[in-house]
Amino acid sequence: MKRREFLTKGVQLGVAANALGFIGSAMTPIQAFGRSPLRGALSTASTNDNILVLVQLLGGNDGLNCLVPVKDPQYTALRPNLRINRSGIDLKVLPDHDSLAMHDRMAAAFPLYTARKMAILQNVGYANPELSHFRGADIVHTATDSNIYKHTGWLGRLLSDQNPGFDPTKVVAGSSPLGVNLGSATSNIFLAKSGGMGVPLSHLPDAGNSAAHNYDPIPSNPSTAYQTLDFVRSVQKETEVYSDTIAKRAIKANRVTYPSTEFASNMASVAQMIASGFSTKVYVVTHSGYDHHSNLLSGQAGLLNDLSEALMAFQNDLEAFKVADNVVTMTYSEFGRRPAENGSGTDHGTSYPLFVIGTRVSGGVRGADPDLVNLVNNNLNYDPDHEFRNVYATVLSEWLGISDAEISNVLTSSNGETYSTITKFKKLGLFWPAGVAPETSQSAGFGLTLGQNYPNPSRGSTTIEFAIPQSTHVELGVWDVGGREIARIVDGTLAAGPHRAVLATGSLAEGTYIYRLKTPLSQITKQMTVVR
Amino acid sequence: MKRRDFLSASGLATLAGVSGVTGFGSLVGPSRASAANHSGGNSGSAPQPLQTLSSDLSPFTGSFSDTELRHLLRRSMLGVSFAQFTAMKALGGMQPVLDKLLDTSLPLPAKPTPYVDELLLADTTITDPVLKLKDQTNKARLEAMRSTQVRNWWLDLMLKNDTSIREKMALMWSNHFVVGSSVVGHAGYLYQYTQTLRQYALGNLKDFVTAISTDPAMLVYLNGNQNYWGQDPEGNTVGDHVNENFGRELMELFTLGRLDPITQQPNYTELDIQNAGQALSGWQPGTTAPFQGEFISTCHNPGLKTFLGRTGNYALADVLGLIFGKGTPKGYNVAYFVCQKIYTAFVYWIPNPTVVDAMAKLLVSSNWEIAPVMQALLSSAHFYDVNVISAHIKSPIEFIGSVIREFEVTYPPFDPKSIDVIGVDADGFNQYPDSNPTLTYLSETLGGALGQMLLNPPNVKGWSLGADWINEKTFPQRQASVAAILKYPITFDGSAAAGNISLAFRADTWAQTWPGAGTDKISIVVKGIESHILGIPPGPLETEDLYNTINALKLPEVEFHYSPDYGALYAAALAEYPEFQLI
């Protein structure tokens, strides 16, 4: 239908603007979408149906008051006014790592940790850190070394490589965006050399606001004004295509109640899109306001409360939809904050703790607690294992099933551009390998103890100590990061109390391995490193 | 041309010798990309500046026709009514128009209301926690409503302005020396800040930076008021309470930029930032009108600081002196960075390095006076290049302004009346009425939905311009706002049908204001309208559609009369065209 016909009828019928959408969408054949297209729209290389949801804590979350080193006297000394390891504050001490506690206002998300659905990576950062909000955000989005300036984002490069020939002007009716950005902030994280791979949305778009446009063609050899016009038209077209997609798809209602915050509402939209079978592979949701140069105590408390309630609701929703096994949520910031307070807040800092959440996540704390004594320019050092691109590489490899060669294209160099001087990334063993059932028990798991193997890294052989609260059947197994079981050290009934097992590693390839202590009620996982 | 071609390079060659990121520093390069879009104005390739015949400040020597005049007026103000265009055309040429636009003798606008001289501070004598909370909440609510009215007052000034570039300059500066109204929290500070922006909009940049560094709104927004050393403002000994927030953004976003434009090395280090924080300690916002910053020496660290390679007992003036000394010629780095901002607001969202270079050198050589730079830029051949005209994208405020002004939509002008409590809510806190609901609808409801609420940018870096304004989130909102104002006006003819918001669009009378109306063929009239209102005149298909919209009853041309219904659909169709997004 041509615009003018609509306009004429519009007057006669007195219909409002949304009639346009109804008329427009009725013209296009309705396509059915099930859950299977999760793979379908990603044309080529994606190897699984997994989805990544990134939550950007914009402004730089204060790590030390988020994950509090409760027993560190240096924390107390650096934060005379702002420390929260005080009596009367109900911090959530991690049951298996009691030197750390979550902020009391993260109580809503604490069950994710105790249910072993949350991994915490400590001291995430990089060399020569940038403490500008904007340059800092560019670095984590473009995934470059601190002194390399690029425009493309790591997810843009990924989605572009996975969808060769993708042309935002030619998206077809019914298709899903490759990536979605929700929340107030936008970034170059989805930018690829050939254009943007993600779509910013304020919420689920209204269904079917499309029209046939009778536009005159752009002339050949256009002036810049025509090029700008072409750009605006293409955004309009893409907007209408995705509106159509929404219109044609039965959008499922959320199955849990979310808090009434903008961030929670955005997370609710993500859950709806996932549950309704969108093939979108990556979502980025922004939670803003963490730049607490002042007012850290009350300001951060409110944000962490909102964050935690929304993340918990989101996870519960995914589980209610029975899609949780395909979704992982990961937080990140442009930087952390200064260990020493400035009186009422903290200035820009460096490394910070990062949270990874999902039913397939191997829960627990990774890495050493922050070293508050040996500071660099008054700031925290970072854990080389948790260099932020190791985290990205881990998610790409272990979660999204991306090959090492492709990871190198995304994170090291491609298209004649070099993003990183790092060529080999460490994979962190963050997820339960395929075929390994994730632990399901809740607090019962804490009756078990599993020590860190020693020596670690292991050369030749290593010892693992563990204890069980009562006599039970015990499995102690070892897996490589590809999910293959390498060894079953113990498989039998043991007496209550401490035990010790020795593993010969001389025949194992160098790398990271996961070992897991499992009883019928619960399990604990840790990782070890093998060197030759 | 395919979109991705446009995205990747604007289809244009890179200027020889000027590499991509170079020159943009962290100002426009990554953020541009960050551009929201996906779609964004660019691709992952380095953004490319416009290709123009002239890439310096050589004067425009061509004929100053309607096209050039319209371009100048569109870029200098919010939307150009036909009457305004006619009046400016009568001045008889480019320089008389520029003299008018750049008139620096224009007095500052009068105080909108007495309450902008009043500062509501918490009553420290109240000890009862319930009463204390009540006092603080009521005052914060009243200040918030008053701040809304300061925002409305400014929008109204912009919408009424027919002659000066100053409000548009002030808008640009509010996106450079950024404060956010929700953080500032005091209407008086906000008012004073807007006056500071106007006062220096075409004035001396160095004086401007000094003024803004001690501006109360800025002191609150970037925690200068919490930057003290030795004693706090109440006289308690507190030790090192230095807050680095302002010092960092002063260099990164207000003056130097992160990278030296020539060497591409950082302009400063983290230790420079820490030392700047110490040197800037001691400034507090004043509490009586006219609101200014006050230096309290007992809150200042008088010790040695090492800053930008020098050591001394530095304070604010020394820090600014060293910042304005960087580069060759002396001060070039600040000038280059700031001129990029001017360029992106007035010319195109990707800076042209050689034009910016010429602007920067002129700014330095004119001893930091801004007006000569604007005069040179707005009379340059570059500014009137065919690739500059209509190549930019309207900001939301420009978009709202052009809908209101070019379609002559009327609304109740700013009402300065004081804000009195009208009752209490369920929690016992005061409720204050909005004395300008229509302006609030434009400035906060629409401005917020489109991504640009005046005086409230998303962060200290401000809004990114150009292609970043248009994405899958904001474009539908622009369409919806056109429908609300033109197609199905919120109220028609001023009646209070929808609450007390009153936006009145009279399509029939509007259509009669154009040349030829009532005598000539309607096809001639609409051609005039369309060439005035659209960035690019519509081609044959669009022309036909538009014609059939306004003449839906297919009347013979000579009998044509402008019905409000079809006129409104026609106006809305015009404003919904992608061409209307161009400026």
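# A hairpin, two cores and some packed helices

User: Let's start with the hairpin formed by S19(A) and S20(A): which residue in the turn has a positive phi?
Analyst: In this predicted model, S19(A) and S20(A) make a hairpin with 4 residues between them. Strand S19 covers residues 472–480 of chain A and strand S20 covers residues 485–494. In the turn, a positive phi of about 95° belongs to Gly483(A).

User: Over how many bridges do strand S19 and strand S20 of chain A pair?
Analyst: The two strands run in the antiparallel sense. One of the pairs that can be followed in the structure is Glu475(A), which has Asp491(A) in S20(A) as its bridge partner. The count for S19 and S20 of chain A is 8 bridges.

User: S19(A) also pairs with strand S22; which residue there is the bridge partner of Val478(A)?
Analyst: S22 spans residues 511–518 of chain A, and S19(A) pairs with S22 in the antiparallel sense over 6 bridges. Strands of a sheet pair through backbone hydrogen bonds, either parallel or antiparallel. For Val478(A), the bridge partner in S22(A) is Tyr515(A).

User: In the open sheet of 3 strands in chain A, which strands stand at the edges?
Analyst: The strands follow the order S2-S4-S3, with antiparallel pairing. S2 (67–68) and S3 (92–94) of chain A each have a single partner strand, so one side of each is left without a neighbour in the sheet. The edge strands are therefore S2 and S3 of chain A.

User: And which residue in S4(A) is the bridge partner of Leu67(A)?
Analyst: S4 takes in residues 97–102 of chain A, and S2(A) pairs with S4 over 2 bridges in the antiparallel sense. The partner of Leu67(A) in S4(A) is Met102(A).

User: Good to know before I look further: over which residues of chain A does pLDDT stay under 50?
Analyst: Chain A averages a pLDDT of 84, and 86% of its residues score at least 70. One stretch under 50 is residues 440–444, for which the model has 7 contacts beyond four places in sequence. Another, with 74 such contacts, is residues 1–45 of chain A.

User: Turning to chain B, how many helices and strands does its secondary structure come to?
Analyst: For reference, chain A has 12 helices and 23 strands. Buried residues make up 56% of the 583 residues in chain B. The secondary structure of chain B comes to 24 helices and 8 strands.

User: Which helix gives the most to the largest nonpolar core?
Analyst: In soluble globular proteins, nonpolar side chains tend to be buried together. Here the largest nonpolar core has 168 residues, and those with the most contacts inside it include Cys339(B), Met359(B) and Val403(B). With 11 residues, the top contributor is helix H15 (residues 332–346) of chain B.

User: Leaving aside neighbours within four places in sequence, which residues is Cys339(B) in contact with?
Analyst: Cys339(B) is listed among the residues with the most contacts inside the largest core. Its partners beyond four places in sequence are Val356(B), Met359(B), Ala360(B), Leu363(B) and Val373(B).

User: How many residues does the second, separate core have?
Analyst: You can find this core through Ile246(A), Val284(A), Leu307(A) and Leu354(A), which it includes. Its size is 107 residues.

User: How many residues of helix H18 of chain B are buried?
Analyst: H18 covers residues 396–406 and is mostly covered. Among its buried residues are Glu398(B), Arg405(B) and Glu406(B), alongside Phe399(B) and Ile400(B). They pack against several helices of chain B, including H6 (129–160), H20 (474–487) and H24 (564–576). The buried count for H18 is 11 of its 11 residues.

User: At what angle do the axes of helix H22 and helix H23 of chain B cross?
Analyst: H22 (residues 522–533) and H23 (residues 540–550) have axes that come within 11 Å, and their crossing is right-handed. Where they meet, H22(B) brings Ile522(B), Ser523(B), Val526(B) and Glu530(B), while H23(B) brings Leu546(B), Tyr547(B) and Ile550(B). The axes cross at roughly 120°.

User: One last residue: is Gln274(B) buried or exposed?
Analyst: Gln274(B) sits in helix H13 (residues 270–279) of chain B. Thr306(B) is 32 residues away in sequence and 9.4 Å away in space, C-alpha to C-alpha. A residue counts as buried when 20 or more other C-beta atoms lie within 10 Å of its own. Gln274(B) has 20 such atoms within 10 Å, so Gln274(B) is buried.

Notes
Residues numbered from 1 in each chain as written. Chains lettered and ligands numbered in written order. Predicted model: local features only at pLDDT ≥ 70, side-chain atom pairs only at ≥ 80, totals over all residues. pLDDT = per-residue confidence, 0-100. Contact = placed C-beta atoms within 7 Å. Pairing = 2+ DSSP bridges. Core = buried A, V, L, I, M, F, W, Y, C linked by C-beta atoms within 7 Å. Buried ≥ 20, exposed ≤ 12 C-beta atoms within 10 Å, placed from the backbone. Axes fitted to C-alpha atoms, helices over the stretch in contact; angles between N-to-C directions. Left-handed = near helix turned anticlockwise from the far one by under 90°.
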